[in-house]
Amino acid sequence: MAWQKIETGNEDVVHDVAMDYYGKRVATALSDLSIKIIGVSNTASHHLATLTGHQGPIWQEGNPNEWIQAHVFNDHNSSVNSIAWAPHELGLCLACGSSDGNISVFTARPDGGWDTSRIHQAHPLGVTSVSWGALVGSGLLDPVYKLCSGGCDHIVKVWKLYNGNWKMDCFPALQMHTDWIRDVAWAPNLGLQKSTIASASQDGKVIIWIVAKRDQWEGTVLNDFKTPVLRVSWSLTGNILAVADGKNSVTLWKEAVDGVWQQVTTVEP
């Protein structure tokens, strides 16, 4: 598998990296509270913009070299550790998980304002990661709003929006990890009647959760990496999982026909 080294010019710790849908731009989140936007091609990369003054705002692009602040959400009283946009079918919705233990969901209104809903004390010790559920069933005709979250309590939880209120949708909560949850990722399902969540933990394990009989979630250990696992990310088709661990490795995993997860390749830095 071909790979490309992207020169970002970053002089600080990079906490997170995200690429746009078309694979043309990369955003890097830095310890100095800034975000750098890098343009990439098959042969080169170049700096497009640096976003500064990042105290929790949401940014909107004006043109490729100019960014304006569109809105500021300040509902949390501690660090915001994870943010995630909902699938586009659900409209403009942003979920935020914070060290204050709460999850907030901001939904854009047609008049340009934002509605706010909250999951109070979703993880009392702190929320470390949030991820939106994939659409299932009738989809656009009757969309179902679901989230999964991970916390410092070693627990993964699934949430569903009922009549304007978020309620836990997994009983019991998903408990197989023995240390902080570092990341959760709900897999795309391409419209199929299936739900799959990957969770990564400080305990070194990645667990794959699927809905089994009687709507109960069951977990399977994908692998014990013997080092903290920091990020998990699904491919757009939901069949390949990328795992980033504390030993500076990125590995790709795929489920075999017999249901066993196998390592496809290692992405060398």
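This is a short walk through one predicted model, from its confidence scores to a few of its residues.

Hi everyone, and thanks for coming. Let's begin with how far the predictor trusts its own work. The chain averages a pLDDT of 83, and 80% of the residues score at least 70. One stretch to treat with care is residues 56–63, where the pLDDT is below 50. Even so, in the model that stretch has 23 contacts beyond its near neighbours in sequence.

Now to the aromatic rings. How many aromatic pairs does the structure hold? There are six, and I'd like to show you two of them. In one, Phe 73 meets Trp 114: the ring centres are 5.1 Å apart and the planes stand at 85°, so we call the pair edge-to-face. Please look at where these two sit in the chain. Phe 73 is in the loop between strand E6 (66–72) and strand E7 (80–85), while Trp 114 belongs to strand E10 (residues 114–119). That puts them 41 residues apart, and the pair links distant parts of the chain. Are these two buried or exposed? Phe 73 and Trp 114 are both buried. They also have company, since ring pairs join Phe 73, Phe 106 and Trp 114 into a cluster.

The other pair is made by Trp 186 and Trp 217. Here the centres are 5.8 Å from each other, with 85° between the planes, and this pair is edge-to-face. Trp 186 is in strand E15 (residues 181–186) and Trp 217 in strand E18 (residues 217–224), so the contact ties together parts that are 31 residues apart in sequence. Trp 186 has a relative accessible area of 7%, so it is buried. Trp 217 has 12%, and it is buried too.

Next, a polar residue: Thr 128, in strand E11 (residues 127–132). Why does Thr 128 count as buried? Because its relative accessibility is 14%, and the cut-off for buried is under 20%. What does its side chain find there? A polar atom of the Thr 128 side chain lies 2.5 Å from the backbone oxygen of Ile 181. Leaving aside residues up to four places away in sequence, Thr 128 touches several others, among them Asn 81, Ser 82, Cys 152 and Arg 182.

Let's move along to a hairpin. Strands E19 (residues 229–234) and E20 (residues 240–245) pair in the antiparallel sense, over five bridges. If you want a spot to find on screen, try Arg 231, which stands opposite Ala 244 in E20. Five residues lie between the two strands, and in this hairpin Gly 238 takes a positive phi near 75°.

That brings me to some backbone oddities. As background, most residues other than glycine have a negative phi, and most peptide bonds are trans. Which residues go against that here? Gln 121 has a positive phi, near 50°. It is found in the loop between E10 and E11, and at 40% relative accessible area it is partly exposed. Asn 163 has a positive phi of about 50° as well. Its place is the loop between strand E13 (156–162) and E14, and with 84% relative accessibility Asn 163 counts as exposed.

And the peptide bonds? From Phe 171 to Pro 172 the bond is cis, with omega near 0°. You'll find Pro 172 in the loop between strand E14 (165–168) and E15.

That's my tour. Thanks for listening!

Technical notes
Residues numbered from 1 in each chain as written. Heavy atoms only, no water. pLDDT = per-residue confidence, 0-100. Contact = heavy atoms within 4.5 Å. Pairing = 2+ DSSP bridges. Helix = DSSP H or I, 4+ residues; strand = E, 2+ residues; numbered from the N terminus. Buried < 20%, exposed > 50% of the residue type's maximum accessible area, 1.4 Å probe, protein only. Polar contact = N/O pair within 3.5 Å; in protein donor to acceptor, adjacent residues only side chain to side chain. Phe/Tyr/Trp six-rings, centres within 6.5 Å; stacked < 30°, edge-to-face > 60°.
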